[in-house]
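Student: I'm new to this one. Could you take me through a single part of it, the place where the two chains meet?

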Number of protein chains: 2
Amino acid sequence: MAETAGRRADAQRSIAVILQAAVEALSRDPDASVSEIAKAAGVGRVTVYGHFPNRADLVDAALAHAIEQGRSSLDEVDLAGDPGEALTRLIDSSWQLVDRSRSLLQAAQSVLSPDRIRTLHAGPAERVQKLVERGRAEGVFRDDLPTEWLVGVMHSVMHHAADEINAARLAPEEAGGYIAATVLAAFRPPGS
Amino acid sequence: MAETAGRRADAQRSIAVILQAAVEALSRDPDASVSEIAKAAGVGRVTVYGHFPNRADLVDAALAHAIEQGRSSLDEVDLAGDPGEALTRLIDSSWQLVDRSRSLLQAAQSVLSPDRIRTLHAGPAERVQKLVERGRAEGVFRDDLPTEWLVGVMHSVMHHAADEINAARLAPEEAGGYIAATVLAAFRPPGS
DNA sequence: CCTAAGTCGAACATCGATGTACGAGTTATC
DNA sequence: GATAACTCGTACATCGATGTTCGACTTAGG
């Protein structure tokens with residue numbers, strides 16, 4: 001659904017504006033209704049259903065859209081050089097994305113299957129995974145825990161930071177530093 | 001509400017069984033309805049409303065009950081000796097509690113205010129906080145990040161482990177070791 | 001300029017959950 | 001054993017959200 005293939009120009013525009021509105025609305029409130037999203041998009045509720053068969057598919061498309069948008073920002077990160085420094089750079093730019101769309105993710109979790117969400121995240125996750133494996137091969141990162149676990153921990157720490165900011169217990173400027181300091185320490189080999 | 005004070009004996013029994021059923025039902029499904037909880041408790045739905053004014057109050061009481069139950073289990077942990085080893089012991093016994101009631105927590109998050117949840121968790125959190133501060137004073141734990149942040153990270157890693165187990169990507173037996181290894185590394189002072 | 005595609009709002013059917021009301025039956029407790 | 005507390009089921013009112021249908025209007029695109 002929502003294939004922009006043969007659709008007319010104004011239909012494509014509608015789909016784009018709906019998608020964008022869905023991302024923004026769900027990023028504010030994970031329980032945003034279709035009505036609210038339609039209103040935010042400046043579009044009738046029926047129009048939304050004209051492009052997306054149901055709410056779940058809309059949330060799916062919104063998450064995919066947000067991830068796709070984030071990808072370009074992640075592509076600019078220099079992953080060469082010392083794995084530790086590269087990871088720091090990667091964290092700096094990806095953590096903000098996580099923060100922004102954390103509510104959107106929650107929306108997805110309550111409507112989409114875990115497998116589906118995992119599939120949607122495959123792209124970004126693989127990027128981190130590769131870097132971790134390289135750092136591991138160079139002896140900079142620890143070797144006694146699975147890479148999937150380490151990647152997950154990084155994710156989890158970022159989510160925690162987002163929660164803390166959201167609760168006004170952490171200043172947004174400091175988050176990046178905290179996360180990097182924590183994750184790098186967690187990734188370091190046991191004996192050092 | 002649900003004060004067991006002057007209530008009759010059978011009423012107290014009802015409240016107890018409802019509370020227990022609520023904890024179990026919400027631990028399976030965070031969106032469990034009042035009907036489901038009542039059925040699980042072997043009690044009429046109206047009876048539930050006779051003791052708890054609304055669903056939110058019931059969830060609140062259920063979370064409080066679960067935390068109180070966990071407290072006794074946490075009380076047995078020996079927090080003396082090397083902070084690192086004490087933390088390992090504390091993680092081992094508390095992480096399972098987090099796992100079991102992770103769905104319940106999600107239920108609470110969608111119905112209770114963040115402040116309220118924080119208040120309910122004050123007891124267990126303080127326990128960890130104290131230990132971290134001691135380890136910090138002894139130079140075993142890092143000093144360059146706020147204790148609240150460190151405690152939060154530990155929480156966050158445990159939640160992540162629970163998610164992984166729940167998704168069948170992590171064996172329950174290994175979780176404890178993974179968590180301890182990760183958290184201890186994250187807590188170690190930067191230069192070592 | 002003609003037609004098909006798209007949009008609109010309003011209305012409708014459905015659904016599940018919440019919370020309340022009632023009346024009759026049970027059971028604790030004094 | 002009498003009374004007040006408790007429980008039960010059923011029924012009801014309400015609510016909000018979902019998804020569909022309809023008919024009229026607008027607009028893109030050959």
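Tutor: Let's go through that interface and then the symmetry behind it. First, this is a predicted model, where local features need pLDDT of at least 70 and side-chain atom pairs count only at pLDDT 80 or more, while totals for chains, interfaces and linings use all residues. Residues are numbered from 1 along each chain as its sequence is written, chains are lettered from A in the order in which they are written, and side-chain values use heavy atoms, with hydrogens and water left out.

So, who touches whom? On chain A, 23 residues are in contact with 23 residues of chain B (contact means heavy atoms within 4.5 Å). Together the chains bury about 2100 Å², with carbon and sulfur atoms giving 63% of that; buried area is the accessible area (1.4 Å probe) lost on putting two parts together, summed over both. On the chain A side, Trp149(A), His160(A) and Tyr178(A) lose the most area to chain B, together 29% of what that side buries. Helix 9 (147-166) and helix 10 (172-187) of chain A are the elements that each give two or more residues to this side, and helix 9 gives the most, with 7 residues (helices are DSSP runs of H or I, at least four residues, numbered from the N terminus).

Now the symmetry. Rotating by 180 degrees, with 0.0 Å of shift along the axis, superposes chain A on chain B at RMSD 0.0 Å (a least-squares fit on C-alpha atoms of residues with pLDDT of at least 70 in both). That's the relation of a two-fold axis. In chain A, the C-alpha of Ala186(A) is nearest the axis, 2.2 Å from it. The same surface serves both copies, and 100% of chain A's contact residues recur in chain B.
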